[in-house]
Amino acid sequence: MISTDTALESGDQPCIRLEPLKKTHLPGKATPTGGNCAAAFKDSSPKVTANGVHDIENRILRITGYYGYNPGYSSHRREDGSESHAETPGSETSAESQSYQTCTSVALKVLGGLLMVLGISSSWVGTTQVVKLTFQSFSCPFFVSWFSSNWNIFFFPIYYSAHVVITREKQTLIQKFRECSKLFGEDGMTLGHFVKRTAPFSILWTLTNYLYLLALKKLTATDVSALYCCHKAFVFLLSWIVLKDRFMGVRIVAAIMAITGIVMMAYADGFHGDSFVGVALAVGSASTSALYKVMFKMFLGSANLGEVAHFLSTMGFFNLIFISCVPLILYFTKVEQWGSLSSLPWGYMCGLAGLWLVFNILIHVGVVLTYPILISIGTLLSVPGNAAVDVLKHEVIFSTVRLAATCIICLGFLLLLLPEEWDSVTLRFLANITDKKSEEHGDEFTESSINTRTRSRANGAVAISMA
């Protein structure tokens, strides 16, 4: 608002000044009431109040109705007196670079996960098929299991080599081994800790592999790999009972589906003969595997990759030292006869042990490097992989009941991979879709109403012109 009345009545030269709007007077500011032009100019000069607001800027923003203006805010200072920093092109560039790096890391993690899935599934399929080939000339499952388990000794040296290449640390192998020995306690790995901690896990490991190999003598590779996937359901049940994990209804359904698939698999050829024994052996292998994983989570759940590599190598030493007597007992009791050492199929056995070692390395390393769900999917994909090999190479014909049982087990396995908050995430996703559809419908309705009004006006104009 512009006023000159007060200056003319006082006889001074007229001057132009800004008067504050009524009802918008800010506390703490002096309002000019008259005087000469110098006084008016002095009053209207920028003045900082207690909260850091410049009067002239405040008035201009109020008069012009600047969008987004908040009383008490200044572009120079904040309410707390700290300097406000405007966004600069450099900050925008840094934000863009950070978002680019985040997207790149996620993409690399997903790509690494897909490679892990391919490696896990192919190594497990190769392991199962090589076992079938080995049994054609050498039918000694416990000796094969013992020989393959000894290769776990190489787990820690492989980890140490990769660790040195990546981090370039100057620790020796013995120093790194002692550092990772804290997994056994503050005193490191003593003889008592070695036996107490390693013996239960080593026995479960041996039982899992031995029962799995026995099942492969009775069933096809596809059936055994499908039944072994039931270990995921057993892990959930044991974790719920022993570790008091969260109860989830969908996982109970998945466990029921796994049990249903097991029963259907056993019923496929009747509850007798090698088929039923093979199903029992495969389920036993899955059960011992589940017990091993639950115990590992209970006692060694916070272990890092180096400590896990140390523990698996220790299990390999325990297997070589203490379980070597079992193959000898089976040999002298004529349960497993392998003849002379030169007649053994060392090529198949070394290939089998190498593939088994690669599978275990990828399982434990993949959990650290990528998403754990991809590791589980890699194990599941071994079922269709073995089915393809059985059909194409061994010309196996699957019955309808076996196919249905395999599909039910795989479906239950996928249900077990759902996260704990899957229900709330799904509801949120559906709500977002519904909101988007309603917004699109509202936009379409608005556009249609505008088009209708435009057409009606056009029709009225045409009617007037024709008259």
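**Exercise 1. Sort the residues lining the second largest pocket by class, then find where they come from.**

Start with the classes: the lining of the second largest pocket holds 10 nonpolar residues, two polar ones and no charged ones. Keep in mind that you're working with a predicted model.

Next, put names to them. The lining consists of Phe155, Ile158, Tyr159, Ala162, His163, Ile166, Thr167, Leu305, Ile361, Val365, Val368 and Leu369. With Asp, Glu, Lys and Arg counting as charged, His163 and Thr167 go in the polar group.

Now for the helices. Both α6 (155-167) and α15 give at least two residues to this lining, and α6 has the largest share, with seven. The volume to write next to your list is about 280 Å³.

**Exercise 2. Do the same job for the largest pocket.**

Volume goes down as about 1600 Å³. Its lining has 44 residues, and Lys232, Val235, Lys293, Ile363 and Val367 sit closest to the centre.

For the classes, you should get 26 nonpolar, 11 polar and seven charged residues. Helices that supply at least two lining residues each are α8, α10 (231-241), α12 (273-300), α13 (305-322), α15, α16 (372-380) and α18 (400-416).

**Exercise 3. Which element gives the most to the lining of the second largest cavity?**

First, the search: going through the whole structure turns up three cavities of 30 Å³ or more. The second largest of them has a volume of about 50 Å³.

Then list its lining: Ser148, Ser149, Trp151, Asn152, Trp205, Asn209, Ala353, Trp356, Leu357 and Asn360. Two or more of these residues come from each of α5 (141-150), α8 (191-218) and α15 (346-369). Match the numbers to the helix ranges and α15 comes out on top, with four residues.

As a last check, split the lining by class: five are nonpolar, five are polar and none is charged.

**Exercise 4. Classify the ring pair of tryptophan 151 and phenylalanine 154, then say how exposed each residue is.**

The whole model has 27 aromatic pairs. For this one, the ring centres are 5.9 Å apart and the planes meet at 75 degrees, so the pair is edge-to-face, the cut-off being over 60 degrees.

On to exposure. Tryptophan 151 has a relative accessible area of 22%, so call it partly exposed. Phenylalanine 154, at 44%, is partly exposed too.

While you're looking at rings, pick out the cluster that ring pairs make from Phe138, Phe143, Trp146, Tyr331, Phe332 and Trp338.

**Exercise 5. Is asparagine 150 buried or exposed?**

Find it first: asparagine 150 sits in helix α5. Its relative accessibility is 10%, and buried means under 20%, so asparagine 150 is buried.

So what does it touch? Skip the neighbours within four places in sequence, and asparagine 150 contacts Gly316, Asn319 and Leu320. For a distance check, the C-alpha atoms of asparagine 150 and serine 313 are 8.7 Å apart, although 163 residues separate the two along the chain.

**Exercise 6. Pick out the best-connected members of the largest nonpolar core and follow one of them.**

In this core of 88 residues, the ones touching the most other members are Phe138, Phe143, Leu227, Val279, Tyr292 and Phe311.

Let's follow phenylalanine 311. Leaving out residues up to four places away in sequence, phenylalanine 311 touches Leu183, Phe184, Arg197, Phe201, Phe296 and Leu300. Arg197 in that list counts as charged.

Notes: Residues numbered from 1 in each chain as written. Predicted model: local features only at pLDDT ≥ 70, side-chain atom pairs only at ≥ 80, totals over all residues. Heavy atoms only, no water. 1 Å grid on protein atoms, 1.4 Å probe; cavity = no way out; pocket = protein on both sides within 12 Å on 5 of 7 lines; lining within 4 Å. Points joined across faces, edges and corners; volume = space filled by probe spheres on them. Phe/Tyr/Trp six-rings, centres within 6.5 Å; stacked < 30°, edge-to-face > 60°. Buried < 20%, exposed > 50% of the residue type's maximum accessible area, 1.4 Å probe, protein only. Core = buried A, V, L, I, M, F, W, Y, C linked by side-chain atoms within 4.5 Å. Contact = heavy atoms within 4.5 Å.
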